[in-house]
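I opened the notebook to go through one protein model, beginning with a strand and its neighbours and ending with the cores. These entries record what I looked up, in the order in which I looked.

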Amino acid sequence: MAGGGGGGAAALQCTPMKAASEGVWQGDNPLRFSLPLIILQVCLVLVLTRGLAFALRPLRQPRVIAEIIGGILLGPSAIGRNKVFLDNVFPRESLTVLDTLANIGLLFFLFLVGLELDPASLRRTGRSALAIAVAGMALPFALGVGSSLAVRATVAPEAPRGPLIVFMGVALCITAFPVLARILAELKLLTTDLGRMAMSAAAVNDVTAWILLALAIALSGSGSPFVSIYVLLCGVGFVGATFVVVRPVLNYMARRSPDGEPVKESFICSTLAIVLAAGFVTDAIGIHALFGAFVIGVLVPKEGAYAGALTEKMEDIVSSLFLPLYFVSSGLKTNVATISGAKSWGLLALVITTACAGKIGGTVLTSLAMRVPVREALALGLLMNTKGLVELIVLNIGRDRKVLNEEAFAILVLMALITTFMTTPAVTAVYRPARRGAPYKHRTVERGDADSELRVLACFHASRGIPTLINLVEASRGTRRRSKITMYAMHLVELSERSSAISMVQRARRNGMPFSSRRGRDAAGGEVVVAFEAFRRLSAVTVKPMTAISDLSTIHEDIVESALRKRAALILLPYHKVLCHDGTMEPVDRAYHQVNVRVLRSAPCSVAVLVDRVLGGAAQVSAPDVSYSVLVLFFGGPDDREALAYAARMGEHPGIELTVARFTSASKPAAADLVKDDEALERYVTQPLKSGDDGSVKYEEIRATGRQDVTSAIKELGKGKSLVVAGRSAPTKTSLVEKSDCPELGPVGSFLATPDFSTTASVLVVQRYNPRSDGSSRQAGEDEEDVGDAVVPLPSPAHRPTRRDESESSTSHHST
């Protein structure tokens, strides 16, 4: 067997792999050439890790779990036990190329991690978060020292004592900042007091871990103790030199990259070159190339277009393509089969218990001393026990430096996997607060008190939908009303594994404004923010921007809970299709379709779905220039009455021409609804006409029975109209379309959303609030104080604000 190994080494030295083959028709095996082989390896890794991530999604696990498991499965622990597979897909001579590519990707990923960390926020870390971070590192580090003695006595007797102690201590005390951020966002805790404290403590933990890792690497050298001292001094000198030499250069490039302007290609290229050069210097020093990339990322100015452009141009290819290779590279070194016998499995149990007891125990005890409630303290301890990529980096460096042998390495990798896997279900089990919404009575537009405030939660996907939202709300404010209208503009952002998703959370949490991390992406971002601010200043409408960042499968919860907290009477949802140049509607994302369906099903107030065909044009229309022709299709029923109430509010605007068309023969409302329908028409149409305050309101009665007659009448009425308003559940006798891919719009709305009706008129489909479908419905009470104006994403209802508007822009830096 030894001879076989020597032969493999000789072959590796004598016959290195060529880059490209000449093809199978020339007799070449592509698996014996580095380029086609690395392509196959990358494709295999992507398919396996993404498949595992999809399978683990119901368990709400971060993607790093799937990538760690995928790497282990491809290694000698599972699929790699097949000699034929391992020799052909991951032969030894290809591992150098794989490791090099993986480490280049890791180098730039750590640069992105540094971009996520804001040194200014570290300086503003509260005493509680700082104490939790220190205690959450000190106790597990101390227990790691004891565990290292057990590891050395059982499975790694040849390991050097000093470096093993430091590596074990660092491995047990690490908290993975990026993984923790995504778990908090997944659990919708990111902007609660608990989430803010966890993020602040994890940021301190992350920086401290890198300092300890540099110390561990320096101590693991094979030279004299003086060499370790030289390495540490050179590392400190490198950090100082970057502050003096590199930071001014980065600041210069950031200043020369204004918002709304594309960042110069030369700046991007220069920054990448600086990252690589820093990696080379720190590798030459002896503290690993990753340390240099991380330091440069921390030094990059976080505000403005420069940092956003760097993240946007790098994150997808680095995190999606290159980073999974590192997990495979690590998995190929992990052989779970080496953990055999009671002694090894007992050691694994000891390491897991020690890691959990140290991290959770230290955090919980400190939190309790800071008067944090018991449940929150326990949840905080579980969250701080999250491991991830940095843990694997530490373990891989320890194995490369001969500090950890194969068995000790496998034990610690499984420890990282198990502790991270248990975080989400454990926190969910421990910290499950009851969802409460402040009771309020105005959950519909139609109400007895016409002069009361109207609160609208207006959602949008992208900047193109904002002018229509502003124009619609401007037209809805009713100039003759004494009541005011408040618009909560919520930007719906999908939570992804990208670095920018968490960066956006951090920035939006500070200023409450959408597009805060995309200002460098396009010029429209800054213009939209200006449009919101201008609309708020120049109009009688109060505008409060918000951002909800969540997975699309759960983002409806953010919308529903935000409506409860803001005591909204109406939720405005964007249609899941956008208008194309030829007049057709193309889906943005089918997931947004399900978001609308779920909100309609569980909304705590009335809901309106806006089919945007550019109401008022592609720009905001000022109040004096509003001139729309609005049509209400009234078939009867509660939804139609709510639609009429909203349209009547619009009809008060001097620039709105309102037409109410009642279909008498085409509907079949219940007897009770007939009385309420007549009362609504009397209130919103007949009385204003009789009083002479008719303005530009018109009323028509349409007698049409069959589908063809009704659709023809609607088409005729809709000619020249800017907006058509209809109820979702109109009691029509027949469906107006044979087949619809959007049944949630109802029989009339489904027809209005098709190009057969119009390619220019926007459509608003209204659903009246139904207490029976609202699980959070309570007895209507008096309005309570508002809580918070910035939800990024929605804080958990367990969050108990200690003062009004605690979630305003500055709260991201406070902790209890």
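I began with strand β1 and found that 7 bridges join it to strand β2 (residues 485-494), the two running parallel; two strands count as paired if DSSP finds at least two bridges between them. The model is a predicted one, in which local features need pLDDT of at least 70 and side-chain atom pairs count only at pLDDT 80 or more, while totals for chains, interfaces and linings use all residues. Residues are numbered from 1 along each chain as its sequence is written, and side-chain values use heavy atoms, with hydrogens and water left out. Helices (H or I, at least four residues) and strands (E, at least two) are DSSP runs numbered from the N terminus.

Looking up single pairs, I noted that Cys459 has Met490 of β2 as its bridge partner. I then found β4 (residues 570-574) pairing with β1 in the parallel sense over 3 bridges, with Val456 opposite Leu570.

Next I checked how covered β1 (residues 454-460) is, and 7 of its 7 residues are buried, where buried means under 20% relative accessible area, exposed over 50% and partly exposed in between (1.4 Å probe, protein chains only). Leu454, Val456, Ala458 and Phe460 point one way from the strand, whereas Arg455, Leu457 and Cys459 point the other way.

I followed the pairing outwards and obtained an open sheet of 10 strands with mixed pairing, in the order β3-β2-β1-β4-β7-β12-β11-β8-β9-β10. β3 (542-550) and β10 are at the edges and have a single partner strand each, so one side of each has no neighbour in the sheet. Neighbouring strands are turned by 20° against each other on average, direction ignored. Further along, I recorded 5 bridges between β11 (residues 723-727) and β12 (residues 762-767), which run parallel, and Val724 has Val763 of β12 as its bridge partner.

I turned to the helices on the sheet and saw that α23 (residues 555-566) lies across β1, β2, β3 and β4, at about 160° to β2; axes are lines fitted to C-alpha atoms, for helices over the stretch in contact, and angles run from 0 to 180 degrees between N-to-C directions. Helix α27 packs on the sheet too, touching β8, β9 and β10, and its direction makes about 170° with that of β9; contact means heavy atoms within 4.5 Å.

Which residues of α27 are buried? I listed Val710, Thr711, Ala713, Ile714, Leu717 and Gly718. Seen down the helix axis they fall within an arc of 160° and so line one face of α27, the arc being that of the directions from the axis to the C-beta atoms. Gln708 and Glu716, on the other side, are exposed. Besides the strands, the buried residues of α27 pack against α28 (746-752), and just after α27 I noted a positive phi of about 80° at Gly720.

Last, I looked for nonpolar cores, meaning sets of buried Ala, Val, Leu, Ile, Met, Phe, Trp, Tyr and Cys residues joined through side-chain atoms within 4.5 Å. The largest has 148 residues, and Leu250 and Tyr306 are among those with the most contacts inside it. Helix α10 (residues 193-219) gives the most to this core, with 16 residues. Apart from it lies another core of 53 residues, including Ile714 and Val765.
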